[in-house]
Amino acid sequence: ATAMIAVATDIGDKISRELRTYGANLIVTPQEDTLDVQIGGVDLKPPSDGAYLNEADLPRIRGTFWRHNIVGFAPMLPVSVRLSNDSDAKNVTLIGTYFSKRLTFGKEDFVTGVRVTHPFWKVQGAWPDDNSSDVLLGEGLAVKLGRKSGDEIEIAGHPHRVTGVLSTGGAEDEQIIAPLALAQQILGKPGAVRRLYVSALTKPEDALSRRDPKSMNPEMFDRWYCSPYVASIAYQLQEAIPHSHAEQIRQIAQNEGTVLSRIKGLMLLVTLAALFASALAVSAAMATAIFERRTEVGLMKALGAGNASVAALFFAEALLLALIGGVVGFAAGALLARQIGRSIFDSQIIIEPVLFPVILAIAVIVTFAGSAMAIRRAVKFDPVYALRGEA
């Protein structure tokens with residue numbers, strides 16, 4: 001029980017970090033993309049490529065309340081480019097992004113990019129430098145063009161070195177991935193960012209997280225704002241980046257909550273099963289002890305001891321054993337929890353001090369529950385039969 005409770009109280013961030021390998025869980029786009037402009041049923045909203053975020057605003061993410069929960073972020077800027085291969089020419093999509101970009105916010109330096117937010121991207125070869133004009137080719141496009149790591153490719157009339165071949169299992173396999181500055185140069189829009197992927201550690205949704213912040217009173221809003229819900233982090237991203245709209249990538253965020261809830265449910269079942277087995281063991285041990293001491297019980301009752309006195313004697317013994325067992329169990333459970341943390345999460349499980357009195361209380365409750373039936377039988381012993389050694 002100690003091990004399971006300790007892991008359950010410390011599992012949230014660890015599971016969230018593990019699930020970050022599935023990619024970002026928030027996306028930020030220009031606010032203009034969310035506007036619906038219709039006249040007479042005709043959609044007059046400008047094409048989505050007409051609105052951009054400002055790259056200079058991105059480091060401000062590190063100034064939000066939950067900045068330490070932001071694992072990383074990666075801007076994206078798609079550009080249609082023309083490839084020249086002898087007499088054959090075709091248009092493909094080039095995605096400008098950060099690979100492992102070093103940024104500064106205030107006095108803090110940090111590194112971010114797709115190597116943080118998209119750890120499932122696999123590269124055969126080497127990752128490009130963010131300050132170079134080198135590129136990655138998606139594996140599907142590389143096969144069509146007959147290119148490999150170390151080759152050159154001509155993009156918009158300029159040669160660029162291919163440092164590696166990218167495999168994602170997605171649309172990127174048919175695209176070119178390049179430093180963001182190169183995409184901005186080709187597009188002719190310095191500082192432009194089309195969308196931003198953010199990977200953040202969040203807690204599963206509950207009733208409060210689903211509330212509309214506009215309908216909350218100040219006290220409830222502060223509680224919502226200071227909780228690492230995906231919605232509250234998205235709200236803070238919108239505050240940090242002007243003219244932006246942030247929302248969760250719902251499939252990823254919901255899957256995280258589902259996985260975490262199921263794992264915690266499984267751990268609860270294991271804990272309850274362990275406590276039930278402990279109660280059965282205590283019951284059997286106490287029943288044996290009382291049976292062996294039935295003569296003493298009979299003598300006490302013959303000398304005038306009431307049922308309450310007999311029960312109090314055995315409950316006092318059970319309490320002492322429960323406290324000793326609780327201390328030993330807490331120490332053994334703490335070691336087991338640390339071993340689980342190292343073997344499964346490759347990190348240490350933190351045992352909160354407040355868990356110690358909780359475990360002692362659980363030990364006492366389980367011991368009393370397991371002993372109650374056996375002690376109830378003891379107080380009903382007939383002293384005549386008990387003194388004669390009969391059950």
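Ile153 has many partners beyond its neighbours within four places in sequence: Leu83, Val135, Leu137, Leu145, Arg147, His158, Pro159, His160, Val162 and Ile176 are in contact with this residue. This is a contact list from a predicted model. Ile153 is also among the residues with the most contacts inside the largest nonpolar core, along with Phe73, Ile176 and Leu196. That core has 42 residues. Strand β5, which spans residues 70–85, gives the most to this core, contributing 6 residues. A second core, separate from the one just described, has 13 residues, including Met4, Ala334, Ile340 and Ile349.

Confidence in the model can be considered next. The pLDDT of the protein chain averages 83, and 86% of the residues score at least 70. Residues 35–48 are a stretch where the pLDDT is below 50. In the model this stretch has 11 contacts beyond near neighbours in sequence.

Strand β12 covers residues 158–167 and contains Thr163. Is Thr163 buried or exposed? Its relative accessible area is 7%, and because the limit for a buried residue is under 20%, Thr163 counts as buried. Not counting residues up to four places away in sequence, Thr163 touches Gln124, Gly125, Ala126, Trp127, Pro128, Asp134, Val135, Leu136 and Ser149. With Ala126 there is a polar approach as well: a polar atom of the Thr163 side chain lies 2.8 Å from the backbone oxygen of Ala126. Val135 appears among the contacts of Thr163, and also among those of Ile153.

Charged side chains form another set of links. How many salt bridges does the structure hold? There are 5, and three of them are described here.

One joins the side chains of Glu174 and Lys144, at 3.1 Å from N to O. Glu174 lies in the loop between β12 and β13 (176–179), while Lys144 belongs to helix α3 (residues 139–145), so this pair ties together parts that are 30 residues apart in sequence. Glu174 is partly exposed, at a relative accessible area of 37%. Lys144 is exposed, with 58%.

Another salt bridge is formed by Lys148 and Asp151, whose closest N and O atoms are 3.8 Å apart. Lys148 counts as exposed at 53% relative accessibility, whereas Asp151 counts as buried at 19%.

Asp57 and Arg60 also form a salt bridge, with 3.7 Å between the closest N and O atoms. Here Asp57 is buried, its relative accessible area being 15%. Arg60 is partly exposed, at 36%.

The last feature is a hairpin. Strands β7 (residues 101–105) and β8 (residues 108–112) run antiparallel and are joined by 5 bridges. Which residue of β8 is the bridge partner of Lys101? That partner is Thr112. The hairpin has 2 residues between the strands, and Gly106 takes a positive phi near 65° in it.

Taken together, the regions above include a largest nonpolar core of 42 residues to which β5 gives the most, a buried Thr163 in β12, and a salt bridge between Glu174 and Lys144.

Definitions and conventions. Residues numbered from 1 in each chain as written. Predicted model: local features only at pLDDT ≥ 70, side-chain atom pairs only at ≥ 80, totals over all residues. Heavy atoms only, no water. Pairing = 2+ DSSP bridges. Helix = DSSP H or I, 4+ residues; strand = E, 2+ residues; numbered from the N terminus. Core = buried A, V, L, I, M, F, W, Y, C linked by side-chain atoms within 4.5 Å. Buried < 20%, exposed > 50% of the residue type's maximum accessible area, 1.4 Å probe, protein only. Contact = heavy atoms within 4.5 Å. pLDDT = per-residue confidence, 0-100. Polar contact = N/O pair within 3.5 Å; in protein donor to acceptor, adjacent residues only side chain to side chain. Salt bridge = Lys/Arg side-chain N within 4 Å of Asp/Glu carboxyl O.
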